[in-house]
Every structure is written in structure tokens, then in C-alpha cells.
Amino acid sequence: MLVTGERARRGGAIGAKTDTPLIALPQTVVVIDDAELRRRNALSINQALGYVAGVAPNQRGNVATRYDQLYLRGFTPGIFVDGMRAQGGVYANTQLDFHLVESVDIIKGPASVLYGSGTPGGLVNLASKLPYAEAGGRIELAGGNFDLLRSSIDVNQPLDGDGRWRFRAIAGAERSDGFLTMTRNRRWYARPMLTFAPDDATSITLILSYQRDPESASYSGVPVYGSALPNPFGQLPVDLNVSEPAYEAFDRVQKSATILFRRELNDTLTWTSNARYFDVDLHYRQIYLSAFRTVGSGAARSTDFSTIVRGGGGADERFRTLTLDNRIAADFATGPLRHTLLAGIDYAHNEGRNDQQFLTGETTSPVTNIPNFNLYTPRYGGTIPSFALTQTRSFRRIDQLGAYVQDQITLGGLHLIASGRWDWYDQLTRNRTTGAVTESSQTAFTTRLGALYETRAGLSPFASYSESFEPQTGAGFDGTPFVPVTGRQYEAGLKFRPRGTSALFTLSAYDLRRQNVPVADPVNANFSVQVGEVKVRGIELDGRGEIAPGLSVTVAGSYTDAQVVRGNPAVGSGPQLSGVTGTKPLGVPSWSASSFVTWDLEHVAAGAAGGLSVGGGVRYVGESDGTATYAMGTATVVERFAAPGYVVADALIGYDFGALDPRWDGLNLSVNAANLFDKRHIASCFFNNSCYFGASRTIVGTLRYRW
């Protein structure tokens, strides 16, 4: 379990790259520690962030557990591991097993000033479990519905009497059925780690990691009509699989080597240097929903709501990434002012190949034919396509270099922060079929300014301004290359830490803009102009921690007002598709709220009853926009609708057998239920013509032995 100081240090380490307590950082940063992850049995980013304000998790619902697809303050966040970007390929994106994760850090709002390119929504960082000074470990066995079997082992062992050499190894495997019929998940992983800490001021850790996901459920959603909206043929089942199990494939192999170095040079200077080499290979095939079948012609043209046209194809990818982050921090005073001055350089190199091809619909050739699919009398196992992936055969190389500087100034309870960063971004793409090469070079400068006043009562009002950028490829009609998309956020709020607790509560309001977005050129067809803008305004309440001995809470609530201020021009006068001026981005709910409470009775009950722990949570997600199209005569009708909101409940009961008999100390059994009442719900309809059902009820029993 993370103690208060360690939670604060890790939050500051990601939010400012310095040892700044969260209560003193003028920006909203959330830290979910290992104890909370374990209590809630959160084993993915989506599961972990289900109780964080401003997050719209599970955009692909119960389908695509292979990726962590979510929105943070209206935009897709960047994913980082140990403060370094987790970068893969087009489809070969990384996903880390959560048995390797110590905590999850969330920066809300633009973070480019310390981390380079990214959306203005923020980022999610996974902090790895590392070797520690004492001998210990944990064995875990789990089972549940959907034929779940999971096992893991975590062993930590000092290699000498002084604890200077520390070894830790974590390994595990799991298998389960997917939420969709005829889909499965399989995974195994291993991670040995070695730390050398010759003194209290120095540590260097080597992490080697291997993870393979030879099967990972599916990827396609279901039609809007029959899920979020009525279908004349009836409702669709939540486990409907519109793919072809014999064609479906997803095999991802991830390998990495990481070095984490920290040296306190003296009482003033601290040097940190981190590096990671990451290697990911992917074999991916999929058949997916494209649209409803259209029958007839002319005025008799109509939509057959019982049958869908499907697309299919896939990708074979291999990408390599090298990331480096070197920084030095100086703590000193100038008169009454305390400074923490930070300067650093980071570098990322990503390169790899992508072979992909996707086709749609029925053809006369068995090689390219993708049969239509009847939703209400599904049949699998017919002729499946066998075409080669020749549509796109590309090589991509990205180099990004960033130099940043930051000064944090403290005067009594006043905390000020000013940060600035230059980025140089280069991308080369080569068509491996024609040999054609496309190159792009861009630069960006981003800043952050913030102020916070920490009072003795535990209240800290704050205000901040921060920026982001996203490199762009391509050019306008006149040949002028695109410039980076930019983002900026104004945020103000109040942080509160009740005395004597590890809890932190943050109330914040923000105004966020994403600008220079390429949108359709209204004059020159098939070209784009960089005039687009998306506005997101919101109010959030986020809190978590232990508020009394044994009583831990999380509370989250958010209102999000997202709108495309300038986008694609409207078509006609009726409902519009995503990206049109005046519309709301798809999949982003206006309202959401959640709370989870756990109670460990060891602090209030004696004897055997003290081993009991109970908990429960409620998650509310409000309506979000979706779109659909269908044929009516010679016209294609656009329908914009509100995907229904939902409320689901989660529950926990656990028992520590050490309270029953000291000889069983370290043995613990817990049972977690997610979506306890098996509520049928729509997680999102963020993609035109598609919706994604939320996960059905899962019940998982976990037996752990800790020593």
C-alpha cells in the first residue's frame, strides 16, 4: 500500500517531474495506488479509470479489451509507462498487464510541456512495480465466470546482506472467454528486475519484460438499430459476434528493456536518467460491421435492417521504439524564495513496417468475398477471404527531440510554476511498393503557468494555464504544409486534504480548446484547411483516499460540455455527422458520477471478524451522442441520437485469514463483482453506425498468499 508521502511523491513525479506533493501542484493530477487497484480488481486502464472524473472509459465496451480506448476531458489521452511514451504502430499498440503496475497517474489537461506531443485531454502513466529492500512476495490464483482462470507470482529478494542488490520477478498467465460469443482471451508475461542501490542517494534498475497476447476477443461493434435504437426485427443480444471466428486473429508480442537511474549528487542537485527499448509485433485479422444492406433502387431503395454488409482485412506490423529522458533538478533558495529548477532533454525514436488491407462487401471471388451477415439468424463458417495485405505496405520513422525547463517557486504557502519546452519532430513514411517517400518536419513551443496557495486548513486554491501540440502531415490546396494542431487549457480549482488522512479531494473548472484542426476545405474538394476548433468546458470533483482507519473512498463527478466550434460544413439542414460545426463529439457524455467505498473491519472488530472487508460502488454515465445513416429512396438519411445513459453497481467482499489464525497470516480471499445486477447497457456509440455494449456481469474470486 502506498503511504501518503509516497502517493504524493509519485503524483508530483509525473505532474512536475519533481518531488512535489499533489496538494501543492497547480493542476489536476490523480493517483490510483496499488491498494485501490487490488481492492477493485482493476486490471486494465479502462477498469482503473472507471472511478475518475472527466473520463469516458470503455469506448468499445465489451468488445475490444485488447486496447485501452477512452476519452479524458473529451480527447484520447497519451499512454505512458514510467514517464516515457508507450508508442507502437498503427494497430500494434501496447497494453501492459496490471500485475506489473504499482500505480496509475492521470494528468488532466495539456501535458506537452514535459512530455512532448499529445492531445489536450492529458495523459495516463503506469508506474511499474520495482524491487524493494525486504524479502517478500505474493502468489495469486483467480477464477470466475466467462471461464476465467488467472495465476501470477511476484517474488522479491535482496541478493546481499546490505540490500544493495535487489531482485524481483513477476510472471503470470490467464485465459478466459470473451464477452462476445466464440471469442477468447489468452495472455502470459514475465518480468525480471534488478536494482543496484549502493547508498541512499543512488539507484539504478534494469527491467526486462516479455508479454504475449495470442488471442484477444474481437473488435467490431453492433448496429445502432437493435442496440441504442429500435430495430423492426427486435433487440440484438449483448454477446452478438458479427465477425467470423475462423478468420479472427490477434497475436501481439511485446518485449522491452528499461533502465531507471536516479542519483542525488548533493543536497541541491538530483540527476534522473531513464531509457527504454520497446519491440512489438502484431498479426491481426478482423471481419466487422460496415453498414446495413441496401435493397432496391431509385424510389424503391431501402435499408434491410436484418442484414449487414461487412468489411474485413487486417494488418501485420513490427515496430521498435527507443525513448530517453534525462533531467537534472536543483533545489535552492534566493532570499525568501525556495526554487526547484528543472532542466531536461528527452528523445523518442519509433520505426517499423505496416502491411494492411481492408475490403468491404460480397464479391464473385472467394479470395475477396466477405459474406453479408443476418443479425437474427447468424451463421458462421462459410467462405472467408484470403487476400494478401497489399493495399498499404509502408515503413514509418518518427524522431522527436524535446528540451524543457521549469522553475517551481515557493514563498510560504504560495506555490508558483512556470514551464517551457521546444520540440523538434521529424517523420518519414516510405511506400514499400512504389518507393515513394513523404517527409515532414515540424517544431513547437509549449508553456505552462500555475499558482497555488496552500493553507493550514488543508485547502489549496489554484489556477493554471497549459498547452499541447500534435504534429500533422499533409498540406492544403496551395501546397502549404500543415502546422501542428495546438491545444490550450485554463483551469482553476480547489484542493482539500483532510488533516490526518491520505485523502485528497479536487474541485476544478476548466476551459479547453483544440485548434488548427484540419477540416474539409469548403472550396476545394478532397482537400483540408486548418481552421477547425473543438471546445470542451467542464466542472469536475475528484477524491480518493482513506478518510478514517479502514474506511477508504473514491468519489468522482463531472459535467462536460464539448462542441465542435469550427468543423466540416453542414450537409443540408437536418442532423449532421460527427465533426460538423455546431455538433457534439461522439461518445463524450455530458454527465457522469461514481463512488466506491471499502471498509476493512480490522480497525473496529476484534478476533475473527476483524479479517472481513466489504465494499461497493456505483457508476453513472449519462447520455452521449451517436450517429447513424440509412437509405430511404434516393436519399441517405442521417440520424443523430442520444445513446442512453446507465447506472451499474460493483461489489467486493474479502477475508484475511490471519485474523482467524496467526498461522494463516498473509492468506486472503476476495470476491469482486462488476456490473453486479447484469445491467444491459450501451458503453458508447462513438463510431458512425456502430454501438458497443457494456460488459456483462463478471464475478471473480481471487486467492492471494503474501509473505
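This passage describes an annotated domain, a strand sheet and the nonpolar cores of a predicted model. Residues are numbered from 1 along each chain as its sequence is written, and side-chain values use heavy atoms, with hydrogens and water left out. Local features need pLDDT of at least 70 and side-chain atom pairs count only at pLDDT 80 or more, whereas totals for chains, interfaces and linings use all residues.

An unreviewed UniProt entry places the feature "domain: TonB-dependent receptor-like beta-barrel" at residues 198–676; such annotations may be inferred rather than shown by experiment. The span is 65% strand and 0% helix, and its end C-alpha atoms lie 49 Å apart. Helices (H or I, at least four residues) and strands (E, at least two) are DSSP runs, numbered from the N terminus.

An open sheet of mixed pairing contains 5 strands in the order β1-β6-β7-β4-β5, where two strands pair if DSSP finds at least two bridges between them. Its edge strands, β1 (29–32) and β5 (84–85), each pair on one side only. β4 (residues 78–81) pairs with β5 in the antiparallel sense over 2 bridges, and Val-81 stands opposite Met-84 in β5.

The largest nonpolar core (buried Ala, Val, Leu, Ile, Met, Phe, Trp, Tyr and Cys residues joined through side-chain atoms within 4.5 Å; buried means under 20% relative accessible area, 1.4 Å probe, protein chains only) has 28 residues, of which Ile-32, Leu-49, Val-104, Ile-106 and Leu-126 touch the most other members. β6 (101–108) is among the elements that give two or more residues to this core, and β6 gives the most, with 3 residues. Apart from this core lies another, of 22 residues, including Val-222, Tyr-225, Ile-308 and Ala-628.

Note on methods:
Buried means under 20% relative accessible area, exposed over 50%, partly exposed in between (1.4 Å probe, protein chains only).
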